[in-house]
Structure formats: C-alpha cells, structure tokens
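I opened this notebook to record what I looked up in the structure. The entries go from the whole chain to one pair of helices.

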Amino acid sequence: MAHGEVLEFEEYVRTRQEALLRSARRLVPDPVDAQDLLQTALVRTYGRWDGIADKSLADAYLRRVMINTRTEWWRARKLEEVPTEQLPDASVEDATEQHADRALLMDVLKVLAPKQRSVVVLRHWEQMTTEETAAALGMSTGTVKSTLHRALARLRQELESRELDARTLERSDRTEQTHAGREERGRERCAA
C-alpha cells in the first residue's frame with residue numbers, strides 16, 4: 001500500500017473510530033469483545049484498503065467485515081455454558097433507566113441467531129434502509145424483511161416472557177414478606 005493510502009486509512013480510522021466501535025458494541029455484548037472485533041475488522045480492512053474504490057462506502061465495507069468476523073467467532077466458539085435450574089440475577093451497574101433499558105436490550109438480543117441480530121442492528125441501530133441492509137449482508141430485500149419480522153417477533157416473545165417472570169418473582173417476594181411479617185407479629189405476641 002502506498003504511503004498516501006496508509007495516511008488516508010489512518011485518517012479514516014481516527015474520524016470514524018467511535019461510530020465503528022458503537023456498531024461493534026451492538027454486534028457483541030461484551031465491550032472488550034467489541035474492541036477486539038473492531039480491531040480485527042480494521043486489520044482485515046487495512047489489507048484491502050486500496051481495493052475500496054469508493055471510500056464513502058468504507059463504513060459499509062467495515063461493518064460487513066465486522067459481521068463476518070463475529071459470525072466466524074460465533075461458529076468457532078466452544079460451548080462453555082452449563083444448563084442450570086435457576087438463572088443468575090441480571091445486574092445493572094448504572095441505575096439510570098436509559099442504561100437499564102440498553103442493558104436489557106443487549107441481553108435480549110443474545111437470543112437471536114447471528115443473521116437475525118445483524119439485520120436488527122443494521123435496520124434499527126444503524127438506521128439503514130432495507131435495501132442498504134440487504135446489500136451490506138448480501139441478502140435479498142425479501143430475506144431481510146422476513147428475517148427482521150421473525151427477529152422482532154422473537155424479541156417481543158422474550159421480553160414478554162421476562163416481564164411475566166419478573167411479575168411472578170415480585171408476587172413471590174410480597175408473599176414471603178407477608179408471611180415473615182405474620183411470623184414476627186406472632187413471636188411478639190408470644191413474648192408479651
């Protein structure tokens with residue numbers, strides 16, 4: 001690659017890094033994995049930078065590289081998950097509603113297959129049109145629409161399930177508190 005192309009790539013990375021990192025964060029839930037994903041995509045793109053004739057399409061090219069890389073990682077992963085009877089409590093570090101909603105959404109996105117997740121991210125976070133999404137993913141527009149429809153239905157189902165689980169847990173907690181309060185009052189009466 002010529003020296004001018006290297007400088008051009010470096011400038012591109014400097015100006016677009018934050019937006020590209022946000023895209024990577026939407027593709028993988030872990031912030032460190034998102035940085036690794038972006039770094040890997042940038043290395044792969046660097047080797048082909050001179051082949052991108054229209055540099056205005058560099059973002060689309062890089063997003064496609066990130067999606068392909070994430071898919072490779074997903075296929076190569078070792079399943080280290082162990083089924084358990086009870087799910088661990090989800091924790092939210094930031095108490096604001098916006099961060100809680102974002103964390104919930106990122107967690108819920110995990111239920112989607114990689115292809116569905118890619119379509120949802122590109123259409124709803126990246127604000128791409130159906131045609132742009134189809135081009136970025138190498139799909140027909142009909143496939144994008146049907147994949148998006150199934151993905152959104154799956155997300156709704158997951159959110160409803162979690163809401164039902166939360167209400168059941170809340171009722172159970174209230175029942176336990178009521179029983180504990182009665183027992184405490186009973187002990188007080190016996191002591192008196």
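The entries below cover the overall make-up and then one helix contact.

I note that this is a predicted model, in which local features need pLDDT of at least 70, side-chain atom pairs count only at pLDDT 80 or more, and totals for chains, interfaces and linings use all residues. Residues are numbered from 1 along each chain as its sequence is written, and side-chain values use heavy atoms, with hydrogens and water left out.

Entry 1, the chain. I found seven helices and zero strands in the protein chain (DSSP runs, H or I of at least four residues for helices and E of at least two for strands, numbered from the N terminus). The pattern along the sequence reads α-α-α-α-α-α-α.

Entry 2, burial and surface. I looked up the buried share (under 20% relative accessible area, 1.4 Å probe, protein chains only): 29% of the 192 residues of the protein chain. The protein chain exposes about 13500 Å², with 51% of it supplied by carbon and sulfur atoms.

Entry 3, α1 and α3. I read that helix α1 (residues 3-27) packs with helix α3 (residues 58-76) at about 40°, their axes 11 Å apart. The two are therefore oblique to each other (neither under 35 degrees, nor over 145, nor 65 to 115). I listed the residues that meet, among them Tyr-12 and Leu-20 in α1, and Leu-62 and Met-66 in α3. The residues of this contact (heavy atoms within 4.5 Å) divide into eight nonpolar, one polar and four charged.

Notes
Buried means under 20% relative accessible area, exposed over 50%, partly exposed in between (1.4 Å probe, protein chains only). Accessible areas come from the Shrake-Rupley method with a 1.4 Å probe; for residues, only the protein chains shown count as cover. Axes are lines fitted to C-alpha atoms, for helices over the stretch in contact, and angles run from 0 to 180 degrees between N-to-C directions. Ala, Val, Leu, Ile, Met, Phe, Trp, Tyr, Cys and Pro count as nonpolar, Asp, Glu, Lys and Arg as charged, and the others, Gly among them, as polar.
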